[in-house]
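Open the model in your viewer, switch on the cartoon, and keep the selection box handy. We will go from the whole chain down to single residues.

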Amino acid sequence: MKAQHLTLIAAAALLAGCGSLVPATTKIAPPLREDFRVSATPADTTAAAANEWDGFFADARLRQVVGIALAQNRTLRASAAAVERVRAQYRITEADRIPDLNAGASATRQQVAGGATTSSYAVNLGLASYEIDLFNRLGSLEGAALARYLAQQETQRSAQLNLVAEVSNAWLTLAAEQQRLTLAQQLRESQQRTLNLTEQRHQLGAASGLERARARTAFEAARGESTRAQSAVTQARLALELLAGQPLPDTLLPLAQDLQAVTALPAIPAGLPAEVLLQRPDLRAAEQQLQATAFDVGAARAARFPRLTLTASAGTRSPELDGLFKSGTGFWSVLPQLDLPLFDGGARAAQVEVSQASRRQALATYEGAVQSAFREVADALAVRDGLAERLDAQQAQVAAAAQTLKFAEDSYRLGGSSQLELLDAQRQLAAAQQALVTLRQAEQANRVTLLRALGGRWAAAGST
């Protein structure tokens, strides 16, 4: 009998070398252009590379707010807890490949026929249903759990990057709203001066009641806009503090003039290779999920083959407690069990098909994510290409509108132009200034979009 047990164990060891049933994973090459821009200009390999978002923000206050958000944001805390949960699940799966040893002790006293009492004492160490991984089923399950843990880690990095981008945009929005408030207050003061001048002219008979009513209407509209802008500043601050996870002191908040140089982004080379997409954490997570489905296929295939489990125990037994560990009281047992699937109605074969379909689905999802990421970067670069010229044109328009308003005010004061011309010049300047604020905010937000779209870097990993 002992020889038969040894033969089964030797056979199991031999079968364990049969190899994995996990399908080979080939390098994925989604149908993309080689770079993000239409231009074929060679890439500038001297462009500075950023490691994650380090050095991206030029404003020290914004860097501090980002740090607070990374530590205090509740959504990010939940994401970190999810990583810990998946890691614990991986450790559970990893432990399934290690033999489970149990120690036990027992004492029994019973009365037999004739009134005699017998005692029995035993101590044993047992191996409970240890599966010998013949076809790497447990190894495949462990590989799938590890891949999902790594995917969750990348998802956590993606959540961090998204939070950094959201905090940055909220900070930029607050700065823009403060600048809009300043412009609204300036317009209200300008309309107040116009109203006062019109009142004086009306008292002297140089302005009609209609002109006075127009001036009053313009002033009240500017006053209402100033109040609305103040509310927008308050709302923008609350939105930023919600992302930060705590109230922020005034010393960490942006000022109205802080919208022009908040972020620092090196020049993007014309031939930026598409391979930089592979450093995006969301794509890394999708790649790990794809790898997990490959392990699932291997586990499902292995489940169709025989499964060998081993139960063993060894110990000592004696009718007397003081003789428990004497020679001749030891015992042992080995019980190998072979589970050979014969007929299951096609359940195991169907499970293989399910895992294969899941793998094809994960592959299509991954390729679609790569294409979407490519589109995000290409769109952001396309927008960026025209921002500098648009900003220059808008600044020139503001300067021209300001000069027009000065001429209109001087002419109206001397009676050389109508009130309508003055009010129109005021409106044109206000509109041009608001458009400039919006454009500056868009230029800075475009930098943040590139930061997120390129996975926290704007050069391939390892480049200089």
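A helix here is a DSSP run of H or I at least four residues long, and helices are numbered from the N terminus. By that numbering, Leu-76 belongs to helix α3, and we will come back to this residue shortly. Please keep in mind that you are looking at a predicted model.

**The whole protein**

Start with everything selected. The protein has 8 helices and 4 strands. Walking from the N terminus, you meet the elements in the order α-α-α-β-β-α-α-α-β-β-α-α. Of the 464 residues, 41% are buried. Among contacts with a separation of 6 or more, 84% join residues 24 or more positions apart.

**Helices α3 and α4**

Next, select residues 74-95, which form helix α3, and residues 137-203, which form α4. How far apart are the axes of α3 and α4 where they pack? The axes are 9 Å apart, and the angle is about 170°. Because angles over 145 degrees count as roughly antiparallel, α3 is roughly antiparallel to α4. Show side chains to see the contact: the α3 residues include Leu-76, Val-83, Val-86 and Tyr-90, while α4 contributes, among others, Leu-141, Tyr-149, Gln-156 and Leu-163.

**Leu-76**

Now zoom in on Leu-76. Its relative accessibility is 7%, so Leu-76 counts as buried. Beyond its neighbours within four places in sequence, Leu-76 is in contact with Leu-70, Gln-156, Ala-159, Gln-160 and Leu-163. For a distance to try yourself, pick the C-alpha atoms of Leu-76 and Asn-162: they are 86 residues apart along the chain, yet separated by 9.9 Å.

**Arg-201**

Follow helix α4 along to Arg-201. Which side chain of opposite charge is nearest to Arg-201? That is Glu-211, 5.3 Å away. A salt bridge needs the charged atoms within 4 Å, and Arg-201, although buried, has none. Select its surroundings as well: apart from neighbours within four places in sequence, Arg-201 touches Ala-206, Ala-207, Tyr-412, Arg-413 and Gly-415.

**Ser-355**

For the last stop, select residues 347-413, helix α7, and find Ser-355 within them. Is Ser-355 buried or exposed? Its relative accessible area is 5%, so Ser-355 is buried. The Ser-355 side chain reaches the backbone oxygen of Val-352 at 2.7 Å. Leaving out neighbours within four places in sequence, display Thr-293, Asp-296, Val-297 and Ala-300 to see what Ser-355 is in contact with.

Key: Residues are numbered from 1 along each chain as its sequence is written. This is a predicted model: local features need pLDDT of at least 70, side-chain atom pairs count only at pLDDT 80 or more; totals for chains, interfaces and linings use all residues. Side-chain values use heavy atoms; hydrogens and water are left out. Helices (H or I, at least four residues) and strands (E, at least two) are DSSP runs, numbered from the N terminus. Buried means under 20% relative accessible area, exposed over 50%, partly exposed in between (1.4 Å probe, protein chains only). Lys and Arg count as positive and Asp and Glu as negative; His and the chain ends are not counted. Contact means heavy atoms within 4.5 Å. A polar contact is a pair of N or O atoms within 3.5 Å; within protein, one must be able to donate a hydrogen and the other to accept it, and residues adjacent in sequence count only if both atoms are side-chain atoms. Axes are lines fitted to C-alpha atoms, for helices over the stretch in contact, and angles run from 0 to 180 degrees between N-to-C directions. Angles under 35 degrees count as roughly parallel, over 145 as roughly antiparallel, 65 to 115 as roughly perpendicular and the rest as oblique.
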